[in-house]
Amino acid sequence: MPELPEVETVVRGLRPKLAGRRLVRVETRRKDLRIPFPRRFAERLTGRRVEAVERRAKYILLRLDGAETVLAHLGMAGRMTIRLRPNEPPDKHDHVVMITDEGWEFRFNDVRRFGLMTLVADAELDSHPLLAEIGPEPLSAEFNAKVFEAAIAGRRTPIKAALLDQKTVAGIGNIYASEALYRAGVSPKRLARTCKGERAVRIVAGIKAVLADAIKAGGSSLRDYVQADGELGYFQSQWAVYDREGARCPGCDCRGGIKRIVQSNRSTYFCPSRQK
DNA sequence: CTACCATCCTGGTTGC
DNA sequence: TGCAACCAGGATGGTA
């Protein structure tokens with residue numbers, strides 16, 4: 001899926017067209033995605049004002065008037081776009097369409113339907129099952145080496161798997177886990193509980209740096225991901241290791257180049273000579 | 001707690 | 001060219 005940088009880019013694209021606007025027409029075009037839409041979802045949104053567009057972890061939040069929030073996740077292949085395109089028929093995989101009072105058309109397209117969109121009362125947002133267990137925002141000051149070390153203390157799982165666990169830290173997925181560990185010089189196979197002290201400092205710095213760089217580039221585009229205006233991100237050209245099996249490591253002259261291994265059934269890429 | 005596997009779903013790519 | 005197998009940015013729930 002879109003990981004944190006891609007979701008952040010989508011949020012930044014949606015915000016100028018959605019925040020402060022009223023939804024004059026809302027349509028769901030099937031009854032569920034990963035989970036069912038709430039009862040009368042479209043009716044309950046129609047006429048509401050979007051007060052803010054925010055991100056938490058990989059979730060997109062449309063804060064509505066009336067103290068409710070649309071909580072949305074893009075899954076692996078979800079796209080949210082917003083354009084002026086009157087009367088253009090929806091695509092087969094456009095599952096939600098919303099029109100604002102200024103005539104902008106929002107579409108949630110998701111071929112694989114691993115995404116979701118639901119409606120939550122603001123009072124229940126923090127304790128909502130989808131959000132309650134999620135760890136700190138990696139780009140916030142509250143995510144630091146001390147907090148990170150505490151989160152992984154005692155865990156016998158490989159550090160790569162621990163980074164994919166949203167309880168450890170929010171928003172990291174398969175691409176940025178590999179990239180962050182490369183920047184940190186830490187092997188993805190190293191047990192989480194051994195990533196203490198200087199290693200923890202380097203991993204936290206690696207996470208923050210790679211996510212910030214990726215946001216600057218508008219995220220990574222391959223296959224499904226596009227920004228809210230349909231443009232492509234370009235961070236994939238800056239990947240050091242992800243999807244680069246056999247390529248030269250950009251940081252050293254090691255012979256073997258980038259290696260690919262499988263952990264928890266997901267591909268991991270790293271440079272064995274730089275990452276210990 | 002942990003590892004591991006299957007599952008949801010579609011479509012693009014690879015290999016025979 | 002056809003077709004089947006495999007693979008994919010996520011998350012969850014079951015098993016051992």
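1. Contacts first: in chain A, 65% of those with a separation of 6 or more link residues 24 or more positions apart. Contact here is heavy atoms within 4.5 Å.

2. A quick word on the setup. This is a predicted model, where local features need pLDDT of at least 70, side-chain atom pairs count only at pLDDT 80 or more, and totals for chains, interfaces and linings use all residues. Side-chain values use heavy atoms, with hydrogens and water left out.

3. On overall shape, chain A has a radius of gyration of 20 Å, which agrees with the value near 19 Å for a compact globule of 276 residues (taken over C-alpha atoms; the rule is 2.2 Å times the number of residues to the power 0.38). The C-alpha trace spans about 60 × 35 × 30 Å along its principal axes.

4. You'll find six helices and 10 strands in chain A; these are DSSP runs, H or I of at least four residues for helices and E of at least two for strands, numbered from the N terminus.

5. As for burial, 52% of the 276 residues in chain A are buried (under 20% relative accessible area, with exposed over 50% and partly exposed in between; 1.4 Å probe, protein chains only).

6. Don't go looking for disulfides: the whole structure has zero, taking one as a pair of cysteine sulfur atoms within 2.5 Å. For Cys195, the nearest cysteine sulfur is that of Cys271, 17 Å away, and Cys195 is buried at 1% relative accessible area. Cys254 is in no disulfide either, with the sulfur of Cys252 3.4 Å away; Cys254 also counts as buried, at 19%.

Notes:
Residues numbered from 1 in each chain as written. Chains lettered and ligands numbered in written order.
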